Amino acid sequence: MLSNQINKPVYAAILTCGLSTCVYAQPEPDFWDGFSNKREAGGFLALGASMSYGGGLLSDIDTRTNLIVSGNYYFENGLFIEVPGNANKFEPSWAMGYNLYNNDDLEFDLIYSSAHGPLEYNVHPKDGGDKDLTAYLGLRMSAEMGNYQFQAIFAPKADNSEYNHGLYASAWLARSWQYKNWHFYGSIGLQYRNSNMLDYYYGVPDSAIMLNPYDASGGVNTHLKVGFTKPLSESWVLDGTVGITDFASSIDDSPYSKLAKTYNPNRSELGRHIALTLSYVF
């Protein structure tokens with residue numbers, strides 16, 4: 001399994017890193033075997049307490065304490081479910097799907113996940129209402145070369161009951177380091193949402209009374225993350241992460257965003273997230 005998924009065997013491997021070496025040479029995997037290979041069945045569940053500081057355009061910048069549930073499970077038939085925690089270096093959203101192709105350093109998955117979460121706007125009904133979650137069905141590619149990991153998602157079907165023809169795509173590049181039983185990582189990610197999707201969330205209709213009409217164009221959110229994972233014992237794990245988000249210009253320029261910054265001084269065009277999480281891994 002590629003290292004973009006965090007699981008209990010990974011924590012155990014970190015604890016025992018460097019204590020053993022491979023004695024027997026492994027044969028080169030055949031390309032076509034990847035279509036029948038599936039990830040090793042199994043998974044983990046982690047329950048953690050997290051202290052975080054962050055916010056941005058969509059929420060006040062503040063200190064919070066949260067209960068974090070994370071985990072994943074991979075079935076022998078290729079089906080899986082993933083709920084990433086704070087230590088995830090790639091997409092932060094839950095995902096479920098089917099493993100289409102799997103070899104030592106390349107995977108393809110058909111996944112169902114979230115392209116944008118719901119939003120609540122406290123404005124006049126004619127200025128726009130609350131927005132529902134947008135889910136997508138897409139293809140995910142994950143690759144690994146040495147200490148570098150890459151993940152890309154393409155989802156031409158991303159919409160909900162209130163709009164159609166949304167499109168979502170993302171690309172992430174990460175670098176990992178190991179020092180004793182500390183695992184460090186850094187990653188950069190780009191998330192693209194087309195005009196249909198962003199106009200649904202951030203556009204203002206022509207019938208608006210309080211706000212100026214606005215058509216949101218498609219745009220890219222840019223993410224930077226650094227973090228660490230340190231197993232404290234067989235079951236206890238400490239995670240830390242720092243992340244910043246530069247929102248697409250069409251989100252920054254939305255009258256909704258400007259209104260939020262005007263009446264909420266603890267809002268910012270630059271999203272930020274700092275978290276420390278202590279988890280028990282079952």
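**A barrel and its salt bridges**

Let me begin with one residue: Lys261 is partly exposed, with 25% relative accessible area. Keep in mind that this is a predicted model. What does Lys261 pair with? Its salt-bridge partner is Glu269, with the closest N and O atoms 2.5 Å apart. Glu269 is partly exposed too, at 38% relative accessible area.

That is one of seven salt bridges in the structure. Some of them share partners. Arg39, Glu82, Glu107, Asp109 and Arg140 are joined that way into one network.

Take Arg39 and Glu107 from that network. Their closest N and O atoms are 2.8 Å apart. Both residues are buried. Arg39 sits in the loop between helix H1 and strand E1, and Glu107 in strand E5, so this pair ties together parts that are 68 residues apart in sequence.

Next, Arg267 and Asp60. Their salt bridge spans 2.7 Å, N to O. Arg267 is in the loop between helix H4 and strand E12, while Asp60 is in the loop between E1 and E2. The two are 207 residues apart. Arg267 is partly exposed at 21% relative accessibility, and Asp60 is partly exposed at 31%.

Now the fold. The strands E1 to E12 make a closed barrel of 12, with antiparallel pairing. Neighbouring strands are turned by 25 degrees on average, direction ignored. Look at E5 and E6: 10 bridges join them. One bridge there pairs Asp109 with Arg140 in E6.

Finally, helix H2, residues 195-202, packs on the sheet. It touches E5, E6, E7, E8, E9 and E10. Its direction makes about 30 degrees with that of E5.

Definitions and conventions
Residues numbered from 1 in each chain as written. Predicted model: local features only at pLDDT ≥ 70, side-chain atom pairs only at ≥ 80, totals over all residues. Heavy atoms only, no water. Pairing = 2+ DSSP bridges. Helix = DSSP H or I, 4+ residues; strand = E, 2+ residues; numbered from the N terminus. Axes fitted to C-alpha atoms, helices over the stretch in contact; angles between N-to-C directions. Contact = heavy atoms within 4.5 Å. Salt bridge = Lys/Arg side-chain N within 4 Å of Asp/Glu carboxyl O. Buried < 20%, exposed > 50% of the residue type's maximum accessible area, 1.4 Å probe, protein only.
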